Each structure stands twice: as C-alpha cells, then as structure tokens.
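User: Can you walk me through this model? I'd like to start with the ligand.

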Amino acid sequence: MTTATAHPNIALIKYWGKQDAPGNIPVAPNVSITLSNLTTTTAISEHDRDEFWLNAEQVVDTKLEGFLADLRREFTIAPVKIESTNNFPTGAGLASSASGFAALITALNHHAKMRLDVATMSQWARRGSASAARSLMCGYVSLTPPAWRAEQVAAPAHWPLHVVVAVTSTVPKAIGSTDGMRISRDTSPYFPAWVATGASDFDDAVQAIAARDFDKLAAAAELSCLKMHSVMLTSVPTLAYWNPATVACMDAIRSLRAAGTAVFFSIDAGPQVKAICLPQHTDAVEQVLGQIEGVRETIRCALGDAAQVIRP
Ligand code: PMV
C-alpha cells in the first residue's frame, strides 16, 4: 500500500472557464497558495478490480474512471483500490478535488513506478481538475501557458501568510465546477471581459507577491474573486454560491481592513470565506469571523507542504 497526502489550495487569481481543448486548460493564468491543516490522505493498494472509496464509503466517480483510463494509455497500472479521506467537508467549496487529484497522482506515481517529476505530475493532476495542478507544490504556485503545469512563484518562507477559513455550510454544491464553467462561458455577458482582464490581474498579483506588498495583493485578489462571482451570478441559470453568512464575513473583513488589519477575502465555488492575513492578525480575524451568525466553524491554516508520499 502506498499513501500520499496533499492540501487544497486557494487561488488568489482565479480560474473559471476552460479552453476548447482536451486536458482542462484554463482560459487565463492563475496563482494560488497551498494550505496547511486541511488534508487529503490517499492510499493505493493492488486489488482484483478498480474500487474507489471516499471518506470510508465506496463511490462511483466517472471523472476518476476517465482519469485512470487516460493514465493507462501511457502507463501500466494494474487494478487498484483507492481510499481517499478528507479531514474537511468534501465538495463544499474547500477545493477537495484539488487536493484529491494531487494526492492521487502522487500516490499512483510511486505505486505504479511511473517515475514522473513534479511538473509532469502537475500536468496529469490538471487533467483531473485544473486547480489540482497547483496542489502538487507548496507556497505560491502559478498555472500558466503554454505548458499549463504548476510552477512555484515563491516558497512559503518568502511570505508566510495565514488563512482563516470561515465554514458557513457543509452542504455539497448543486452544480459542480466543470458544468458551472461551461454554463458561464455560454451565457454570462461578462465572461469575455473576465477572460480579457485575467492576465493583467495575474501580473499584478505576482508582482505583489514578489514585493510582499499586502495592499496590492489584497486589491488584485479581491477583484479577481468578485469578477469571478459576477460571472457566476450573471450565468443562466445563475450560479449563486453565497449565503448571508458569506456576505457578512466579506463585510467584516472589509471593516477590519479599514481599521488597519492586514486581511482580505477570497471565495471559491461555494459559500466558505477564506480570510488571508498577516500572521500577527490571525487571532483578531478568527475572533471576528467566529462571532458572525451562520459561521459554523473557523479553521486556521498556514502555507502548507507540497503533495508527498508519506508511506511508500
Ligand atoms: O479545479 P476545478 O476545475 O474544480 O475548478 C476550481 C475553480 C475555482 O476553485 C473556483 C477557482 C480556482 O482557480 O481554484
């Protein structure tokens, strides 16, 4: 049995929309931070047929079946039992597919002796879920053309930011990201503007990271998040991921920042709010978010490790 772990990541400059090409290629460059504390652990063992277990329940997953079939066109992989566990809510906007595919390719690479380097593993992870490519690495990680493989923009020690996740619901989302992105591309009048401005938002964020310029990163990241949600909300049918607690958290984060706390928000395809802050402000941010009505739990994270094999 081979066991690997990976952590979710939060995109600071987000991807929402795929190119008309195979392999889950984003429409614009994006950059994320890999988190500590939230962990997917995936164990692979030989079996008489493929079986997939998620959080101790056997499941059928067509995305995963397709992923294995693609890999088997290039590598010899005997039937496997894949047992994956998340220590956080699955499918509720906490990026479980990112850590899931990152842990899976890391474990499979070792189990089936595929001998892939990290960059190539990230390209494979991208084919499972584009954001998964970024969870192969730690720190600040980009996914950019032309190769669309993950690259580390900066190590965690360069700027060890913290993240407080405010969990406002644990209900899995009704429309998954692949369908949501197709709906947005086909129906939102704002989709072309979102794509056209993605590269300059990305450049702003990468410059802000290099310079450790918190205000500049906060501005670029919140704008990217709000543009993505504007595209989602103006899709037909609308993709409305926020609940009242989500909005209350955003307001509280804006008030904290106006009063001098270095914090900004980010929200993915779900109702959870991620507050990114300087470490000296983590306690204050967690205290404020934890008191908001509808916030069920807060989770503190630092910048996490890369995906890794923990038991060969
Ligand atoms: O990796 P996917 O295809 O599940 O899409 C994730 C998209 C967002 O999390 C909303 C944004 C991002 O860049 O991670």
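Analyst: Below is a short run through the ligand site and then the domains. Keep in mind that this is a predicted model.

User: How many residues surround the ligand, and which are the closest?

Analyst: The ligand has 15 residues around it. The closest are Tyr15, Ser129, Ser131, Arg134 and Ser177.

User: What is the shell like by class?

Analyst: It has 7 nonpolar, 4 polar and 4 charged residues.

User: Where does the ligand sit?

Analyst: In the largest pocket.

User: OK, polar contacts. What does the side chain of Arg134 do?

Analyst: One of its N or O atoms is 2.7 Å from an oxygen atom of the ligand.

User: And the side chain of Tyr15?

Analyst: There, an N or O atom lies 2.9 Å from a ligand oxygen.

User: Which residue offers a polar backbone atom?

Analyst: Ala130 does, at 3.5 Å from an oxygen of the ligand.

User: How much of the ligand's accessible area does the protein cover?

Analyst: On its own the ligand has 390 Å² of accessible area, and the protein covers 93% of that.

User: Switching topic. How is the protein divided?

Analyst: Into domain 1 (2–154) and domain 2 (158–301). Their centres, taken over C-alpha atoms, are 22 Å apart.

User: How many residues does each domain put into the contact?

Analyst: Domain 1 gives 32 residues and domain 2 gives 49 residues.

User: Back to the ligand. What does the shell draw from each domain?

Analyst: At least three residues come from domain 1 (2–154), and at least three from domain 2 (158–301).

Conventions: Residues are numbered from 1 along each chain as its sequence is written. This is a predicted model: local features need pLDDT of at least 70, side-chain atom pairs count only at pLDDT 80 or more; totals for chains, interfaces and linings use all residues. Side-chain values use heavy atoms; hydrogens and water are left out. A residue is near a molecule or strand if one of its heavy atoms lies within 4 Å of it. A polar contact is a pair of N or O atoms within 3.5 Å; within protein, one must be able to donate a hydrogen and the other to accept it, and residues adjacent in sequence count only if both atoms are side-chain atoms. Accessible areas come from the Shrake-Rupley method with a 1.4 Å probe; for residues, only the protein chains shown count as cover. On a 1 Å grid over the protein atoms alone, a cavity is a set of points where a 1.4 Å probe fits but cannot get out, and a pocket is an open set with protein on both sides within 12 Å along at least five of seven lines; lining residues have an atom within 4 Å of a point. A molecule sits in a cavity or pocket if more than half of its atoms lie within 2 Å of its grid points. Ala, Val, Leu, Ile, Met, Phe, Trp, Tyr, Cys and Pro count as nonpolar, Asp, Glu, Lys and Arg as charged, and the others, Gly among them, as polar. Domain bounds come from an automatic or database domain assignment. Contact means heavy atoms within 4.5 Å.
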